[in-house]
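Reader: I should like to learn how to read the features of a protein model. May we study one together?

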Amino acid sequence: MNGFWENTFIETAARYSVAILCLIVFLAIFELVTSYKNWEEIKKGNFSVAMATGGKIFGIANIFRYSIEHNDTLVESMMWGVFGFVLLLTGYFIFEFLTPTYKIDKEIESDNRAVGFISMTISVGLSFVIGASIG
């Protein structure tokens, strides 16, 4: 039975499946903490929400990329990916906290593209820092 899990194709499919599942769960968590509905706003053509959401997707995927690269087992990769997501989510709250003169969510919801772009860039940038720190 060990030979089955040692097959590169099976291992790749397993890691891919776990990363996709985690991506879906993490995006649902982001949906809960934002004041707008990501997919409804994207459907309406809100480019700022699309940029912010795209940055989150890239950030989560990038964290998992590093997690898979630096860990031997699927469970270790998943644990580090979850930890990386918690750090990325913390970065989101810090961004909101550091801009007390306006609400990031409200600006993104009203399609302020400058704020959407900065939000995307923060998610992408933090994902590289988090990923580089993953053991």
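Reader: In which helix do Glu 109 and Lys 106 both lie, and how many residues apart are they?

Author: Please keep in mind throughout that this is a predicted model. Glu 109 and Lys 106 both belong to helix 6, which covers residues 104-109. They are 3 residues apart, about one turn of the helix.

Reader: What do the side chains of Glu 109 and Lys 106 form where they meet?

Author: The general idea comes first. Side chains of opposite charge can pair when their charged atoms come close. In the present case, Glu 109 and Lys 106 meet in a salt bridge, with 3.9 Å from N to O. The cut-off for such a pair is 4 Å, so the distance of 3.9 Å falls within it.

Reader: Are Glu 109 and Lys 106 buried or exposed?

Author: Glu 109 has a relative accessible area of 29% and is therefore partly exposed. Lys 106, with 48%, is partly exposed as well. The reasoning rests on two limits: buried means under 20%, and exposed means over 50%.

Reader: How many salt bridges does the structure hold?

Author: There are 5 salt bridges in the structure. One of them joins Glu 69 to Arg 65, whose closest N and O atoms are 2.8 Å apart. Both residues lie in helix 4, 4 residues apart, about one turn of the helix. Glu 69 is partly exposed because its relative accessibility is 48%, and Arg 65 is partly exposed at 41%.

Reader: Which residue meets Arg 15 in a salt bridge?

Author: The partner of Arg 15 is Glu 11, at 3.1 Å from N to O. This pair lies in helix 2, residues 8-33, and the two positions are 4 residues apart, about one turn of the helix. Here the two partners fall into separate classes of accessibility. Arg 15 is buried, since its relative accessible area is 8%, whereas Glu 11 is partly exposed at 32%.

Reader: How many helices and how many strands does the chain have?

Author: The chain has 7 helices and 0 strands. Read from the N terminus on, its elements run α-α-α-α-α-α-α. The C-alpha atoms fill a box of roughly 55 × 30 × 20 Å along the principal axes. Of the 135 residues in the chain, 39% are buried.

Reader: What share of the contacts join residues at least 24 apart in sequence?

Author: To read such a share, one must first note which contacts enter the count. Among contacts between residues at least 6 apart in sequence, 68% join residues at least 24 apart.

Reader: Where is Asn 46 placed, and what does it touch?

Author: A residue between helices can be described by its place, its accessibility and its contacts. Asn 46 is in the loop between helix 3 (38-43) and helix 4 (47-70). Its relative accessibility is 7%, so Asn 46 counts as buried. Leaving out residues up to four places away in sequence, Asn 46 touches Glu 41, Ile 108, Glu 109 and Asp 111. Glu 109 is thus a residue we have already met, in the salt bridge with Lys 106. In addition, a polar atom of the Asn 46 side chain lies 3.1 Å from the backbone nitrogen of Ser 48.

Reader: How many cavities of 30 Å³ or more does a search of the whole structure find?

Author: The search finds 1 cavity of that kind. The largest cavity has a volume of about 70 Å³. Helix 5 (74-97) and helix 7 (113-133) are the elements that give two or more residues to its lining. Residues in the lining include Phe 30, Leu 88, Tyr 92, Phe 95 and Ser 119. By class, the lining has 6 nonpolar, 3 polar and no charged residues.

Reader: Is Ser 119 buried or exposed, and which residues is it in contact with?

Author: Ser 119, found in helix 7, is buried because its relative accessible area is 4%. Beyond its neighbours within four places in sequence, Ser 119 is in contact with Ala 52, Phe 95 and Ile 108. Phe 95 also appears in the lining of the largest cavity.

Reader: Which backbone oxygen does the side chain of Thr 90 reach?

Author: Thr 90, a residue of helix 5, reaches the backbone oxygen of Val 86 at 2.8 Å through its side chain. Thr 90 counts as partly exposed, since its relative accessibility is 36%.

Technical notes
Residues are numbered from 1 along each chain as its sequence is written. This is a predicted model: local features need pLDDT of at least 70, side-chain atom pairs count only at pLDDT 80 or more; totals for chains, interfaces and linings use all residues. Side-chain values use heavy atoms; hydrogens and water are left out. Buried means under 20% relative accessible area, exposed over 50%, partly exposed in between (1.4 Å probe, protein chains only). A polar contact is a pair of N or O atoms within 3.5 Å; within protein, one must be able to donate a hydrogen and the other to accept it, and residues adjacent in sequence count only if both atoms are side-chain atoms. Contact means heavy atoms within 4.5 Å. On a 1 Å grid over the protein atoms alone, a cavity is a set of points where a 1.4 Å probe fits but cannot get out, and a pocket is an open set with protein on both sides within 12 Å along at least five of seven lines; lining residues have an atom within 4 Å of a point. Grid points are joined across faces, edges and corners, and a volume is the space filled by probe spheres set on the points. Ala, Val, Leu, Ile, Met, Phe, Trp, Tyr, Cys and Pro count as nonpolar, Asp, Glu, Lys and Arg as charged, and the others, Gly among them, as polar.
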